[in-house]
Amino acid sequence: MRPMRSEVITVRTGSRPTVLDITAEAERFVSGQGDGLLHVFVPHATAGLAIIETGAGSDDDLLRALDDLLPTDDRWRHRHGSPGHGRDHVLPAFVPPYATLPVLGGRLQLGTWQSICLVDTNGDNPSRQVRFSFLPG
């Protein structure tokens, strides 16, 4: 039995809310690994992962929906950081910090328009880590 492989990458998300496609990095990590599961985890209290279509406006729609659902105003009790930063700490309850995907023959089994995206609404932290873990089948 092969052991689980794990790797941490660092990505730059910038100072504005963003949806960052990390599919290419995930594909590189599982390439040639055979069958198994890829677990993706963001070890941050203010970021999450979404499996969505990108490039056709869905990423902007997601950020707009999060703004509607979790506005950046003074309603939040968690108040350190930028105004409205408390909403960033609630984000992972709606956009979880993990995703698990099937891998067959060293290839991610995503749907035609699906991408793995890091969702980061916290402009106070422009650099994020993402952990990829591959559990062989």
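Here are four exercises on a predicted model, each with a worked solution.

**Exercise 1. The open sheet**

Task: Find the order of the strands in the open sheet, and then find which are the edge strands.

Solution:
- Step 1. The open sheet has 3 strands, and their order is S2-S7-S4.
- Step 2. Look at the pairing. It is antiparallel.
- Step 3. Strand S2 (18-21) and strand S4 (47-52) each pair on one side only, and they are the edge strands.
- Step 4. From one strand to the next, the twist averages 30°.
- Step 5. Now take S4 and strand S7 (residues 115-120). They run antiparallel and are joined by 6 bridges.
- Step 6. Pick out one pair: Leu49 has Leu118 in S7 as its bridge partner.

**Exercise 2. A salt bridge inside a helix**

Task: Find where Arg64 and Asp61 lie, and how many residues apart they are. Then decide whether each is buried, exposed or partly exposed.

Solution:
- Step 1. Both residues lie in helix H2 (residues 58-69).
- Step 2. They are 3 residues apart, about one turn of the helix.
- Step 3. Their side chains meet in a salt bridge, at 3.3 Å from N to O.
- Step 4. Partly exposed lies between the cut-offs of 20% and 50%. Arg64 has a relative accessible area of 48%, so Arg64 is partly exposed. Asp61 has 44%, so Asp61 is partly exposed too.

**Exercise 3. Salt bridges with buried residues**

Task: The structure holds 6 salt bridges. Take Asp67 with Arg87, then Asp120 with Arg128. Which of these residues count as buried?

Solution:
- Step 1. The side chains of Asp67 and Arg87 meet at 3.0 Å, N to O.
- Step 2. This pair links distant parts of the chain: Asp67 is in helix H2, Arg87 is in helix H3 (residues 86-90), and they are 20 residues apart.
- Step 3. Buried means under 20% relative accessible area. Arg87 has 2%, so Arg87 counts as buried. Asp67 has 38%, so Asp67 is partly exposed.
- Step 4. Asp67 and Arg87 also belong to a network of salt bridges with Asp88.
- Step 5. The side chains of Asp120 and Arg128 meet in a salt bridge of 3.0 Å, N to O.
- Step 6. Asp120 is at 1% relative accessibility, so Asp120 counts as buried. Arg128 is at 1% as well, so Arg128 counts as buried.

**Exercise 4. A nonpolar surface patch**

Task: Which residues make the nonpolar surface patch of about 280 Å²? Is Met4 buried or exposed?

Solution:
- Step 1. Met4, Leu37 and Leu135 make the patch.
- Step 2. Locate Met4. It sits in the segment before strand S1 (5-12).
- Step 3. Exposed means over 50% relative accessible area. Met4 has 52%, so Met4 is exposed.

How values were computed: Residues are numbered from 1 along each chain as its sequence is written. This is a predicted model: local features need pLDDT of at least 70, side-chain atom pairs count only at pLDDT 80 or more; totals for chains, interfaces and linings use all residues. Side-chain values use heavy atoms; hydrogens and water are left out. Patches are made of residues with over 30% relative accessible area and no salt bridge: like charges are joined within 9 Å, nonpolar side chains (Val, Leu, Ile, Met, Phe, Trp, Tyr) within 5 Å. Accessible areas come from the Shrake-Rupley method with a 1.4 Å probe; for residues, only the protein chains shown count as cover. A salt bridge is a side-chain nitrogen of Lys or Arg within 4 Å of a carboxyl oxygen of Asp or Glu. Helices (H or I, at least four residues) and strands (E, at least two) are DSSP runs, numbered from the N terminus. Buried means under 20% relative accessible area, exposed over 50%, partly exposed in between (1.4 Å probe, protein chains only). Two strands pair if DSSP finds at least two bridges between them. Axes are lines fitted to C-alpha atoms, for helices over the stretch in contact, and angles run from 0 to 180 degrees between N-to-C directions.
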